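Please read the following walk through the structure alongside the sequence and the model. It goes from single residues to contacts between helices, and then to the surface and the largest pocket.

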Amino acid sequence: MTQAAIADDDGRVRRSARSRDRIVAAMIALIRAGDPNPSAAAVAEAAGVGLRTVFRQFDDMDALYLAISARTEHEVAPILAQPFTAPDWRGRMREMLARRAKVFEHVMPLKIAGALRRHQSPVLAEAQASFVARERASVRAA
C-alpha cells in the first residue's frame with residue numbers, strides 16, 4: 001500500500017470515528033431535549049449525517065442505545081470509583097447514596113429512554129440486568 005493510500009485510509013477511519021461520535025452525541029442530545037425515542041432519521045439530521053451513515057455505524061437502534069450506555073458508563077465511572085472515606089458502613093452508605101443521586105440525575109433521561117425500548121429488546125433487557133447486578137454488588141461492597 002502506498003503512503004498516500006495509508007494516509008487516505010487513516011482519514012476515512014478518523015472520519016468514521018467522528019461520525020460515530022456525532023451520532024451518539026446527537027442521540028443523547030435529542031433524548032435530553034425531551035424525545036425519549038428519537039427516530040434514526042432525527043438522529044441523522046441532528047448529527048449532520050445521512051441516514052445510511054447511522055446504519056453503517058450501528059447495525060440497529062439497539063446498538064446505538066448500547067453505545068450510549070457505554071459512553072454514559074464511562075462518564076460516571078470516575079464518580080463511582082472514588083474510594084470511600086467514611087470509617088464505618090453507615091458513612092460509606094451515605095457516601096454511596098450521594099454518589100448514586102449524582103449519577104442518576106445525570107443518566108435519568110437516558111434510563112427512561114432505555115426503559116421505553118427494553119420490553120422490545122432482549123439486548124437492552126440484558127444490559128439492564130447487568131447494570132442492576134453491578135449496583136447490587138456495589139451496595140454489598142459498601
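**Helix α5 and its partners**

R99 is buried, because its relative accessible area of 10% falls under the 20% limit. This and everything below refers to a predicted model. R99 sits in helix α5. Its C-alpha atom is 9.9 Å from that of A81, a residue 18 positions away in the sequence. A81 belongs to helix α4, which covers residues 61-81.

Next come the charged contacts. Side chains of opposite charge can pair when their charged atoms come close. How many salt bridges does the model contain? The count is five, and three of them are described here, one after another.

R100 pairs with E135, and the closest N and O atoms of this salt bridge are 3.0 Å apart. Since R100 belongs to helix α5 and E135 to helix α6, the bridge ties together parts of the chain that are 35 residues apart in sequence. Both partners are buried: this holds for R100 and also for E135.

A salt bridge also joins D62 and R117, with an N to O distance of 3.4 Å. Here the contact runs between helix α4, which holds D62, and helix α5, which holds R117, and it spans 55 residues. D62 has a relative accessibility of 14% and therefore counts as buried. R117, at 17%, is likewise classed as buried.

The salt bridge of R71 with D21 has its closest N and O atoms 3.4 Å apart. Because R71 is in helix α4 and D21 is in helix α1, this pair connects parts that are 50 residues apart in sequence. Are these two residues buried, partly exposed or exposed? R71 has a relative accessible area of 24%, so it is partly exposed. D21 is partly exposed too, with a relative accessibility of 42%.

Helix α1 holds another acidic residue, D10. D10 is partly exposed, at 35% relative accessibility. Its C-alpha atom is 40 Å from that of P83, and the two residues are 73 apart in sequence. G34 lies in the loop between α1 (3-32) and α2 (40-47). With a relative accessible area of 56%, G34 passes the 50% limit and is therefore exposed. G34 and A113 are 79 residues apart along the chain, and their C-alpha atoms are separated by 9.7 Å.

The aromatic rings come next. A pair of aromatic rings is described by the distance of the centres and the angle of the planes. The model has one aromatic pair. It is formed by F104 and F131, whose ring centres are 6.2 Å apart and whose planes meet at 75 degrees; an angle over 60 degrees counts as edge-to-face, so this pair is edge-to-face. F104 is in helix α5 (residues 89-118) and F131 is in helix α6 (residues 122-141), so that the pair links parts of the chain 27 residues apart. F104 has a relative accessibility of 24% and is partly exposed. F131 is also partly exposed, at 21%.

**Surface and pocket**

What forms the nonpolar patch on the surface? Its members are M108, I112 and L116, which together have about 250 Å² of accessible area. M108 is located in helix α5. M108 has a relative accessible area of 35%, so it counts as partly exposed.

The last feature is the largest pocket, with a volume of about 750 Å³. It is lined by 32 residues, and those closest to its centre are S69, E73, K111, F131 and R134. Which elements give two or more residues to this lining? They are α4, α5 and α6. The most comes from α5, which gives 12 residues.

Several of these features involve the same helices. Helix α5 holds R100, which bridges to E135 in helix α6, and it holds R117, which is paired with D62 in helix α4. F104 of helix α5 is linked with F131 of helix α6, and F131 is in turn among the residues closest to the centre of the largest pocket.

Methods
Residues are numbered from 1 along each chain as its sequence is written. This is a predicted model: local features need pLDDT of at least 70, side-chain atom pairs count only at pLDDT 80 or more; totals for chains, interfaces and linings use all residues. Side-chain values use heavy atoms; hydrogens and water are left out. Rings of Phe, Tyr and Trp (its six-membered ring) pair if their centres lie within 6.5 Å; planes under 30 degrees apart count as stacked, over 60 as edge-to-face and the rest as tilted. Helices (H or I, at least four residues) and strands (E, at least two) are DSSP runs, numbered from the N terminus. Buried means under 20% relative accessible area, exposed over 50%, partly exposed in between (1.4 Å probe, protein chains only). Patches are made of residues with over 30% relative accessible area and no salt bridge: like charges are joined within 9 Å, nonpolar side chains (Val, Leu, Ile, Met, Phe, Trp, Tyr) within 5 Å. Accessible areas come from the Shrake-Rupley method with a 1.4 Å probe; for residues, only the protein chains shown count as cover. A salt bridge is a side-chain nitrogen of Lys or Arg within 4 Å of a carboxyl oxygen of Asp or Glu. On a 1 Å grid over the protein atoms alone, a cavity is a set of points where a 1.4 Å probe fits but cannot get out, and a pocket is an open set with protein on both sides within 12 Å along at least five of seven lines; lining residues have an atom within 4 Å of a point. Grid points are joined across faces, edges and corners, and a volume is the space filled by probe spheres set on the points.
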